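Visitor: I'd like to learn how to read a protein structure. Could you walk me through one?

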Amino acid sequence: MTATLAVSLDVSAVPTRPGGAGYYTMAIARGLRARDDIALTMVARRGDEERWNALGPGVAHVVGAVPASRPARLAFEQVRFPRLLDALGVQVHHGPHYTMPARAPVPCVVTIHDCTFFDHPEWHVRSKALFFRRAIRQAALHAGALLCVSEVTATRLRACCEVRAPIVVAPHGVDHARFTPLEPSPGSDRAVLEQNGISPDRPLVVFVGTLEPRKGVASLIAAFDRVAGTQGDALLVLCGQTGWGLAETEQALARARHGDRIVRLGYLPDPAVPALLRQATVVAYPALEEGFGLPALEALACGAPLITTEGTAMAEMAQDAACLVRPGDDAMLADALGLALEGGKSAPDITRRRELGLTRASHFTWSASVAMHVSAFQMAIGTSQ
């Protein structure tokens, strides 16, 4: 009989409307609580317990102990979290967002999503970049194990700081029940798009992700504007919540000659995202750098043709299933968009990439990612003994 491993998971940084890292934390929490060999305790913000209790099947203990504000939350992690972990009686603690309590009484596993705080501090608020560089360095030296979401991230981490902790590469998964090439019922995708003011009969270039500088949204707007004049009634659809540094995106929108064909949908409810990906003529995810790039994987799982950037974690994940362009190269991205829009969904190359994408996406599951997390937990416990 397999022994049960007592694990605490810090879910206090996940906002009400989660982005990539928050969605990852929720997926790992679901997967851990569903396993018979894990006794999971989720440490949440005070007043946020109900959301985590209702997360999914399985049993977990939810402790609402962390203050809501970011400064108070970060202080709590260093001052009060060690005593809380002692009281909880867990064997290992998982910090899913770069940080860990410095004086934790149990081994800690820390997830490193990317190294942009080192490589591109200009993409972040200065105080945030300074804080997370310090937190990552501390985790690299003192964690029982580190989880990196791609080989690209693991390689950059080793280059950016001294790493003493063992690294486990655990790629994200995708919810294959939700992100699928088959719509739930005939006509349901059309209804979802029409509810959001989008005609499903028009060629659609779709971007899903937070609107912030590193996502390459300004470059995408400029590239679409280059080809829009020759592409009939094609639309560029931007969906995702507003992040930091929106001025670059706003300036690109102001410069666009075809701005009337660029639609900003904001943060979409869960059912709308797969519908939009399935109905896209092409999905563009031209991020300059990512730790993993989950929206790109979700696009492949929906059978959408994908354009993303070379030399990145998305290229590592997609391999031959995506059309790759140089990060920040507006002209190259415009050419790729033009070819995709001219060929349409039935073009032979598009059909081949769709099939490759579905095959590639099938290899990425949250259960496999969770299993790698459990291996990291066991590794951390082993190295501490």
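Guide: We'll go through a sheet, two unusual backbone angles and two buried residues. Keep in mind that this is a predicted model.

Visitor: Let's begin with the sheet. How many strands form the open sheet, and in what order?

Guide: To read a sheet, list the strands as they sit side by side. Here seven strands form the open sheet, and the order is 3-2-1-4-5-6-7, with parallel pairing.

Visitor: Which are the edge strands?

Guide: Look for a strand that pairs on one side only. In this sheet those are strand 3, residues 60-66, and strand 7, residues 167-169. You can also look at the twist: on average, neighbouring strands here are turned by 25° against each other, ignoring direction.

Visitor: What joins strand 1 to strand 4?

Guide: Follow the bridges. Strand 1 (residues 5-10) and strand 4 (residues 92-95) run parallel and are joined by three of them. For a single pair to look at, find Leu9, which stands opposite His94 in strand 4.

Visitor: Now the backbone angles. Which residue has a phi near 80°?

Guide: That's Tyr98, where the value is positive even though the residue is not glycine. You'll find Tyr98 in the loop between strand 4 and strand 5 (108-112). Gln319 also has a positive phi, about 55°, and is not a glycine either. Gln319 sits in the loop between helix 13 (313-318) and strand 13 (323-325).

Visitor: Are these two buried or partly exposed?

Guide: Check the relative accessible area. Tyr98 has 4%, so this residue is buried. Gln319 has 43% relative accessibility, so that one counts as partly exposed.

Visitor: What about a charged residue: how far from Arg33 is the nearest side chain of opposite charge?

Guide: With a buried charge, look for a partner. Arg33, in helix 1 (residues 20-33), is buried but has no salt bridge, and the nearest side chain of opposite charge, Asp36, is 11 Å away. The Arg33 side chain does reach the backbone oxygen of Gly58, at 3.1 Å. Leaving out residues up to four places away in sequence, Arg33 touches several others, including Leu40, Trp52, Pro57 and Val59.

Visitor: And where is Val206?

Guide: Look in strand 8, residues 204-208. Val206 has a relative accessible area of 0%, so Val206 is buried. Beyond residues up to four places away in sequence, Val206 touches others, among them Val237, Leu276, Ala280 and Val283. By contrast, take Asp225, 19 residues apart from Val206 along the chain: their C-alpha atoms are separated by 14 Å.

How values were computed:
Residues numbered from 1 in each chain as written. Predicted model: local features only at pLDDT ≥ 70, side-chain atom pairs only at ≥ 80, totals over all residues. Heavy atoms only, no water. Pairing = 2+ DSSP bridges. Helix = DSSP H or I, 4+ residues; strand = E, 2+ residues; numbered from the N terminus. Axes fitted to C-alpha atoms, helices over the stretch in contact; angles between N-to-C directions. Buried < 20%, exposed > 50% of the residue type's maximum accessible area, 1.4 Å probe, protein only. Lys, Arg positive; Asp, Glu negative; His and termini not counted. Salt bridge = Lys/Arg side-chain N within 4 Å of Asp/Glu carboxyl O. Polar contact = N/O pair within 3.5 Å; in protein donor to acceptor, adjacent residues only side chain to side chain. Contact = heavy atoms within 4.5 Å.
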